[in-house]
Amino acid sequence: MVLSNDQSGISLTSETNAQGYFSISGVLAGNYSVSVESQGFKTLKRGGIAFSSGDKRNLNDLVMQLGATTETVEVTTDVELLTSVDSGEKAIVINQQQLQNVAIIGRSAAEFLKVLPGMAATGSGLSNSPGFSGEVIGINGNGDGGKQSALGTFAANGTRPEAMDIIMDGAHVSDPGCNCATPVNANPDMVQEFKVLTSNFAAENSKGPVVINSVTKGGGTEFHGAAYLYARDYRMNSNDALFKQRNLERPENKFLFPGGNIGGPVLIPGTNFNKNRDKLFFFTGYEYYKQTIDTGVLQSQVPTQAMLNGDFSDTALLNAFSRASGQNSAMPSNAVNGRIPASQLDPSMLALTRLLPTPNSDAAGAGAGFNYTQALPINQNSWQSTSRVDYSISDNTKLFVRYSAQRESKLPGTTVVAKCQRGAAAYGD
């Protein structure tokens, strides 16, 4: 019997024993067709067989009919992602179609965790750290304290957030020191499938107890590519409630995510190498993140013009300061009737305090104890790339190599982090 990948045409072969049993190992994620031949029977062909990462499937319904092998019985079915009944594994698969058709805010496939059963955001959910920041969920992969990726942000089935492990193409992509970050996030346009293993999975997944396994896209017998642009602009947003309350203009968030990818067979002009397009394949994708994000409402307490002149008689303002800061904003000890004598005002200190911004909010009203509010937009640009090569060395030995890189800049000209992650695998009998 022959098991063939519908996209690449790479095939795996096996012979049955006397009882008709056969086994094929090392099957990569994808859609497959099976062909079975035997002397005295019609050739049986069946398509629509889907394998996810680490799946084990029994094809115990292959029934051959008497006849010549030149005759073919072809069974055509739609590809279905079925729950495996051959193991006690509990898993949820998000396939390529779902990755493309379900809208998400950011550019990380890990964001799909929030729609899966058993997943819960920890604490307040997402923090103002790069990647999983405030409004922009999972755009990139680095930042502060692990809140920038699914690790440390989601808990599955009541387990600790640190109990989650992320794997890409069989290689761990989590920080081995704290299990709190991922150097490269799974991009929805570069990932074939996203599988979440929640319990009873095979021993090859050594960590856990919850494992997130993503599989990158690969090339096939035909050339395929895509170019795209995801865009969001603050002009199409309504104002934030906190901004509106403090009479601030809506934050000028802008997100542009241009990208593209291409994959297909590796052909060398002037040679017969891979002329059948069944040996060597490639896939490469690149995406740029041009982002202007706000830090939320920044608020502070700054001296009023009266205070700079030594007048601290506004007790309502001092009380509002005290309530907001939790500290006593008492009258200065050298103040007389709420005023500091002009002779006791330090000219050097006055010159320094005049560098502070002037109040723009009512501390006793909408400012809620703060008389200065501001929205500070910052540039947080990044890029990500993934390349993969698949090589069919023989019918029983296959090899693939993947290289992923990601770089992030938080401010213009200031590099925050640069990390890359590589993966390679070979299997055979």
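Q: How many helices and strands are there in the chain?
A: The chain has five helices and 19 strands, where helices (H or I, at least four residues) and strands (E, at least two) are DSSP runs numbered from the N terminus. This is a predicted model, in which local features need pLDDT of at least 70 and side-chain atom pairs count only at pLDDT 80 or more, while totals for chains, interfaces and linings use all residues. Residues are numbered from 1 along each chain as its sequence is written, and side-chain values use heavy atoms, with hydrogens and water left out.

Q: What share of the residues counts as buried?
A: Of the 429 residues, 41% count as buried, meaning under 20% relative accessible area with a 1.4 Å probe and protein chains only.

Q: Which residues have the most contacts inside the largest nonpolar core?
A: They are Leu113, Met119, Met164, Phe194 and Val196, in a core of 21 residues; such a core is a set of buried Ala, Val, Leu, Ile, Met, Phe, Trp, Tyr and Cys residues joined through side-chain atoms within 4.5 Å. The elements giving two or more residues to this core are β8 (154-156), β9 (164-168), β11 (191-199) and β12 (210-216).

Q: And what is phenylalanine 194 in contact with?
A: Leaving aside neighbours within four places in sequence, phenylalanine 194 is in contact (heavy atoms within 4.5 Å) with Ile92, Val93, Ile94, Ala109, Ala110, Leu113, Ile212, Asn213 and Ser214. Apart from the core that holds Phe194 lies another core, of nine residues, with Phe312, Leu318, Ala320 and Phe321 among them.

Q: Which residues of helix α4 are buried?
A: In α4, which spans residues 315-325, the buried ones are Leu317, Leu318, Ala320, Phe321 and Ser322, and they pack against α3 (305-308).

Q: Switching to empty space, what lines the second largest cavity?
A: Its lining consists of Met168, Val184, Asn185, Ala186, Asn187, Met190, Val191, Thr216, Gln384, Thr386 and Ser404, and the volume is about 30 Å³. On a 1 Å grid over the protein atoms alone, a cavity is a set of points where a 1.4 Å probe fits but cannot get out, a pocket is an open set with protein on both sides within 12 Å along at least five of seven lines, and lining residues have an atom within 4 Å of a point. A volume is the space filled by probe spheres set on the points, which are joined across faces, edges and corners.

Q: How many residues line the second largest pocket?
A: There are 49, of which Gln7, Gly30, Gln96, Gln192 and Gly218 lie nearest its centre, and the space in this pocket is about 970 Å³.

Terms used. Buried < 20%, exposed > 50% of the residue type's maximum accessible area, 1.4 Å probe, protein only.
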